[in-house]
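User: Hi! I would like to learn how to read the features of a protein model, one at a time. Could you walk me through this one?

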Amino acid sequence: MLKILKSGLQTTVQDLGRYGFQKYGVIASGAMDPYAHRIANLLVGNQDNDATLEITLVGPSIQFEEDVFIALCGGDLTPQLDGETVGMWRPLAVRKGSTLTFGAPKMGCRVYLAVAGGIFVPELMNSKSTYLRAEIGGFEGRSLKTGDRLEVGSAPAPHAAALKKAIGEETEWQVPSPRYSAEPAVRLLKGRQFALFNHDSQKRLFSDFFSVSASSDRMGYRLEGPLLSLQEPGELISEAVAFGSIQVPSDGNPIILLADRQTTGGYPKIGQVASVDLPLVSQLKPGDRLRLEEVSLQEAQQLLIDEEQKIQQLKISIQLKWEEWA
């Protein structure tokens with residue numbers, strides 16, 4: 001069991017999302033940084049879609065009521081176990097009664113806590129993800145509060161054997177972190193309505209910096225920077241949107257749609273963030289800046305294929321390390 005001693009700013013249960021129901025108006029939700037979520041799960045022997053805790057900016061205080069393996073991946077929120085700084089992107093053997101806390105963010109704004117055996121909450125429409133606005137999924141459809149207790153599943157056999165040897169120790173190995181930055185270069189495909197924007201807007205989209213507005217959340221990041229304008233005012237029929245679609249409302253300030261995005265939108269879409277760079281966007285804090293670089297559909301697809309191959313190689317390497325450790 002995990003006991004929440006202090007809630008933090010926003011800690012929710014997430015997996016990779018609630019897919020297959022958008023035609024009914026049910027949004028996908030899921031982890032904002034799917035890469036960090038997946039790697040955290042793989043490090044502790046879980047399936048990559050098992051539920052994790054998504055911890056945002058100000059972390060909670062969590063007490064472990066049993067010996068367990070955990071992994072922390074994503075932004076660096078200075079995690080500490082019983083007051084001692086612990087490493088990220090590696091398995092950690094945690095002793096019963098230990099308390100995990102977080103300090104000031106060093107880089108990024110979201111960290112994912114995976115526990116060997118997974119976090120046990122009921123599935124809703126084939127997903128354990130929390131959608132806060134509708135109060136569905138996750139732990140009672142809400143962020144975790146002080147006093148909540150979360151049940152965890154049974155760790156895979158090799159991990160249970162290794163736990164007895166490794167309790168209270170860090171592994172000597174870890175996996176590499178993505179190139180998180182407070183000012184990343186983010187690759188962007190031209191959107192379906194790119195040609196409707198005037199020449200100046202098309203040019204400045206790829207030449208100027210944009211900063212993340214304070215009025216941003218899991219639904220979307222509002223960007224501040226050069227105003228983007230259509231060649232001629234007009235209305236569009238609403239159509240499907242995706243994780244990373246960039247819509248431009250009438251005020252000219254673009255919005256990057258994220259995990260809790262709506263299912264359809266009627267604003268013109270000037271671009272689509274390449275899937276491999278969604279983690280870079282999701283780790284930005286209000287005030288951080290980003291620069292957009294054009295990429296073709298073929299290039300974006302190859303980047304995604306390369307990343308998936310890398311994840312599969314990591315999965316095999318991690319399994320071999322566990323066998324060696326056990």
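Analyst: Happy to! A residue counts as buried when its relative accessible area is under 20%. Keep in mind that this is a predicted model. A good place to try the cut-off is helix α1, where Tyr35, Ala36, His37, Arg38, Ile39, Ala40, Asn41, Leu42 and Leu43 are buried.

User: What does that say about how α1 sits in the rest of the structure?

Analyst: Since 9 of the 10 residues of α1 are buried, the helix is largely enclosed by the rest of the structure. Just after α1 comes glycine 45, with a positive phi of about 85°.

User: How do I read a contact between two aromatic rings, and how many aromatic pairs are there?

Analyst: A pair of aromatic rings is described by the distance of the centres and the angle of the planes. Here the count is 2 aromatic pairs. In one of them, tyrosine 35 and tryptophan 89 lie 6.3 Å apart centre to centre, with 40° between the planes, which makes the pair tilted. This pair links distant parts of the chain: tyrosine 35 belongs to helix α1 (residues 34–43), and tryptophan 89 to the loop between β7 (84–85) and β8 (91–94), 54 residues apart. Tyrosine 35 and tryptophan 89 are both buried.

Phenylalanine 194 and phenylalanine 206 also form a tilted pair, at 6.3 Å centre to centre and 40° between the planes. Phenylalanine 194 is in the loop between β13 (185–190) and α3 (199–205), while phenylalanine 206 is in the loop between α3 and β14 (209–212), 12 residues apart. With a relative accessibility of 9%, phenylalanine 194 counts as buried.

User: Which charged residue has its end over the ring of phenylalanine 209?

Analyst: That is arginine 289: its charged end sits over the ring, 4.0 Å from the centre.

User: Let's turn to sheets. In what order do the 7 strands of the open sheet come?

Analyst: Strands of a sheet pair through backbone hydrogen bonds, either parallel or antiparallel. In this open sheet the order is β7-β6-β9-β4-β1-β12-β11, with antiparallel pairing. The edges are β7 and β11 (119–120); each has a single partner strand, so one side of each is left without a neighbour in the sheet. At the β7 edge, strand β6 (residues 79–81) pairs with β7 in the antiparallel sense over 2 bridges. Leucine 81 has glutamate 84 in β7 as its bridge partner.

User: Is strand β5 mostly covered or mostly open, and which strands does β5 pair with?

Analyst: Strand β5 (residues 68–76) is mostly covered, with 8 of its 9 residues buried. β5 is joined to β8 by 4 bridges, and the two run antiparallel; alanine 71 has proline 91 in β8 as its bridge partner. β5 also pairs with strand β10 (residues 107–115), over 6 bridges in the antiparallel sense. There, glycine 74 is partnered by valine 111 in β10.

User: How many disulfides does a search of the whole structure find?

Analyst: A disulfide is a covalent bond between the sulfur atoms of two cysteines. The search finds 0 of them in the whole structure. Take cysteine 73: the closest cysteine sulfur, in cysteine 109, is 15 Å away, too far for a bond. For scale, the cut-off is 2.5 Å between the sulfur atoms. Cysteine 73 is buried, at a relative accessible area of 0%, and cysteine 109 is buried too, at 3%.

User: What volume does the largest pocket have, and what lines it?

Analyst: Rolling a probe the size of a water molecule over the atoms shows where empty space is left. The largest pocket has a volume of about 470 Å³. Its lining consists of 22 residues, and those nearest the centre are Pro34, Phe243, Ser275, Leu278 and Leu304. α1, β20 (269–273), α4 (278–282) and α5 (297–325) each supply at least two lining residues. The largest share, 7 residues, comes from α5.

User: One last case: is alanine 134 buried, exposed or partly exposed?

Analyst: Alanine 134 is partly exposed, with a relative accessible area of 40%. This residue lies in the loop between β11 and β12 (149–152). Alanine 134 and alanine 104 are 30 residues apart in sequence, and their C-alpha atoms are 30 Å apart in space.

Methods: Residues numbered from 1 in each chain as written. Predicted model: local features only at pLDDT ≥ 70, side-chain atom pairs only at ≥ 80, totals over all residues. Heavy atoms only, no water. Buried < 20%, exposed > 50% of the residue type's maximum accessible area, 1.4 Å probe, protein only. Phe/Tyr/Trp six-rings, centres within 6.5 Å; stacked < 30°, edge-to-face > 60°. Lys NZ or Arg CZ within 6 Å of the ring centre and 35° of its normal. Pairing = 2+ DSSP bridges. 1 Å grid on protein atoms, 1.4 Å probe; cavity = no way out; pocket = protein on both sides within 12 Å on 5 of 7 lines; lining within 4 Å. Points joined across faces, edges and corners; volume = space filled by probe spheres on them.
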